[in-house]
Each structure stands twice: as C-alpha cells, then as structure tokens.
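This briefing covers the salt bridges, the metal site and the internal cavity of one protein model. Please read it alongside the sequence and the coordinates.

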Amino acid sequence: MNLILLGPPGAGKGTQAETISSKHGIIQLSTGEMLRDAVKAGTETGRQAKALIEAGELVPDEMVVGIVSERIDRPDCANGFILDGFPRTLGQASALEKMLDEKGKTLDAVIELRVDDEAMVERITGRYSCSKCGMGYHDKYKQPAKDGVCDKCGSTEFTRRADDNEETVRARLLAYYRSTAPLIGYYFAKDRYNYVDGMAEIDEVARQIEDILT
Ligand code: ADP
Ligand code: ADP
Ligand code: ZN
C-alpha cells in the first residue's frame, strides 16, 4: 500500500504516518527528515538546502525527486510507503506519477489532514521530538506517558527543530498555499483524494484514516 499524506506544516502528517507505519508495516518517508539528515551530514544537497529550510521555503523539485526515487527502490519499501511531505508542488506530483509508472508501482490513496490555519502556529511552536528515535511530541497535545522519558525508546533527550518558530511557520504556510494546496484538486481529479478532520484528537484522526484504508 502506497500513500500520500497531505496538509500544511503542523497538520499531523508525521504523527499519523508513525501510527500507519507501525499498524500496516509500511515505511514512512519524510522528505523533510531526509533533508535535515543531509544538512547534518554536510552533503552537497544539505549545503544547498540549509538556507531554504531555515527560511521556510521549498527546495528545488529536482533535489527531492531524486532522493525519493532512490529511496522507494530500496527493499524495505516493497511492502509500501507513506509519503509525508512529498509531493509539495505540481511538478513533484507529476514526477512521482512518472516514477511510479516506471517502477510498476501504484498510488493507493492521498489523504488530506484538513485543519484550521490558526491552530498550526501553536502546533508547530509546541512541537518537539526524541533525539534518539525521532518520536514526535507536543508540549500540550502529546506528552510522553512518563515526564521527560520517550515512550518509544526510553531516551531522556529531546530536540526542537530550528525552523519551528513562529516567523518561519508563516513562511512555510505561505509556501503551502502557493505551491502545495493545488495538489488537492490534482488528486481529486485523479480520483485518489480523501480527507479526514485533522482538528480532531490524534486517536480520532487515526481512526478516520483507518476507515479510509480498510
Ligand atoms: P506535520 O508532520 O504535518 O508537520 P506533526 O505530526 O509533526 O505535523 O504535528 C505537529 C505537532 O502537533 C506535533 O507536536 C504533534 O504532536 C501535534 N499534533 C499532531 N496531531 C495533532 C492533533 N490531532 N491534535 C493536537 N496536536 C496534534
Ligand atoms: P513540516 O513539518 O512543516 O511539514 P517538513 O519536515 O516536511 O516540514 O519539511 C521541512 C522543510 O524541508 C520544508 O520547509 C522545506 O524547506 C523542505 N522540504 C521538505 N520536503 C520538501 C519537498 N517535498 N519539496 C520541497 N521542499 C521540501
Ligand atoms: Zn525515543
């Protein structure tokens, strides 16, 4: 099963991808995560992406299309994958369609997490994650069961993303409306489009996604 999760920054894509991934045994592919890894590793891609990420702007299509194409060829994706944060432009969407065709893979569903824009700044500025396993949390909406200890791996170290500040979030929302929102119409026309209420509680959003997948 191959899926796309669509929605603005803070919509809950990473949170829901984590749940779908463990429930269905398919791989979560976050282009944001891959780019941050490249920045950390200091690769050529990372060096080019760094300033754009910090400014809340999109990186060029070629940069992410290549990474995704190479990633979905790996054996761990044979069972399926969840694209979280890709495609983000119409150019990326048609490149994806072409590469899936060439690889003999299909796109099973696109699910939009429909949210209120006003809530996204609070979601993003309260977001943090486990430094060791990457599990996502929120100051108010998703705290670990035991204070200061990761539910998944037991680590006591957490990090916040440099671009998760109010100013950059507004730039990222703008990039979403300028470049990514048209994908809703694109996938509706392709008969792949579904949506869930992304403002519901995390477990309820997961239930609505399950209804679509089963
Ligand atoms: P995205 O990957 O779409 O940018 P995340 O999954 O990282 O979004 O979620 C952003 C923040 O909001 C995280 O801190 C997460 O714990 C929290 N969050 C996710 N879904 C919900 C929800 N349905 N209600 C409240 N908070 C949520
Ligand atoms: P969010 O949690 O806001 O959805 P991501 O982790 O998906 O953020 O992405 C972080 C940043 O990485 C984006 O603001 C953008 O600069 C870059 N990025 C990630 N995915 C893409 C993509 N598919 N196309 C262009 N830029 C991307
Ligand atoms: Zn952890």
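The count of salt bridges comes to 19, a salt bridge being a side-chain nitrogen of Lys or Arg within 4 Å of a carboxyl oxygen of Asp or Glu. This is a predicted model, in which local features need pLDDT of at least 70 and side-chain atom pairs count only at pLDDT 80 or more, while totals for chains, interfaces and linings use all residues. Side-chain values use heavy atoms, with hydrogens and water left out.

**Salt bridges**

- Lys98 and Glu102 form a salt bridge at 3.7 Å, N to O; both lie in helix α5 (residues 90-103), four residues apart, about one turn of the helix.
- Both of these residues, Lys98 and Glu102, are exposed (over 50% relative accessible area; buried means under 20% and partly exposed in between, with a 1.4 Å probe and protein chains only).
- Arg114 pairs with Glu112 at 3.6 Å, N to O; Arg114 is partly exposed at 38% relative accessibility, whereas Glu112 is buried at 8%.
- Glu122 and Lys140 meet in a salt bridge at 2.9 Å, N to O.
- Because Glu122 belongs to helix α6 (residues 117-125) and Lys140 to the loop between β6 and β7, the pair ties together parts that are 18 residues apart in sequence. Helices (H or I, at least four residues) and strands (E, at least two) are DSSP runs, numbered from the N terminus.
- Glu122 is partly exposed, with a relative accessible area of 32%, and Lys140 is exposed, at 54%.
- Arg127, Arg161, Asp163, Asp164 and Arg172 are joined into one network by salt bridges that share partners.

**Zinc site**

- The zinc ion (ligand 3) has as protein donors the SG atoms of Cys130, Cys133, Cys150 and Cys153, lying 2.3 Å from it. Donors are N, O and S atoms within 2.8 Å of the metal (3.2 Å for Na, K and Ca); water is not among the atoms, so sites may look incomplete.
- The site is tetrahedral, with angles of 102 to 116° among its four donor atoms (four donors count as tetrahedral if all angles lie between 85 and 135 degrees).
- The donor residues are spaced C-x2-C-x16-C-x2-C in sequence.
- Cys133 lies in the loop between β5 (127-130) and β6 (136-138) and Cys150 in the loop between β6 and β7 (158-159), so this pair ties together parts that are 17 residues apart in sequence.
- Cys133 is partly exposed at 28% relative accessible area, whereas Cys150 is buried at 3%.

Key: Residues are numbered from 1 along each chain as its sequence is written. Chains are lettered from A and ligands numbered from 1 in the order in which they are written. Four donors count as tetrahedral if all angles lie between 85 and 135 degrees; four count as square planar and six as octahedral if opposite donors are over 155 degrees apart and all others between 65 and 115; anything else is irregular.
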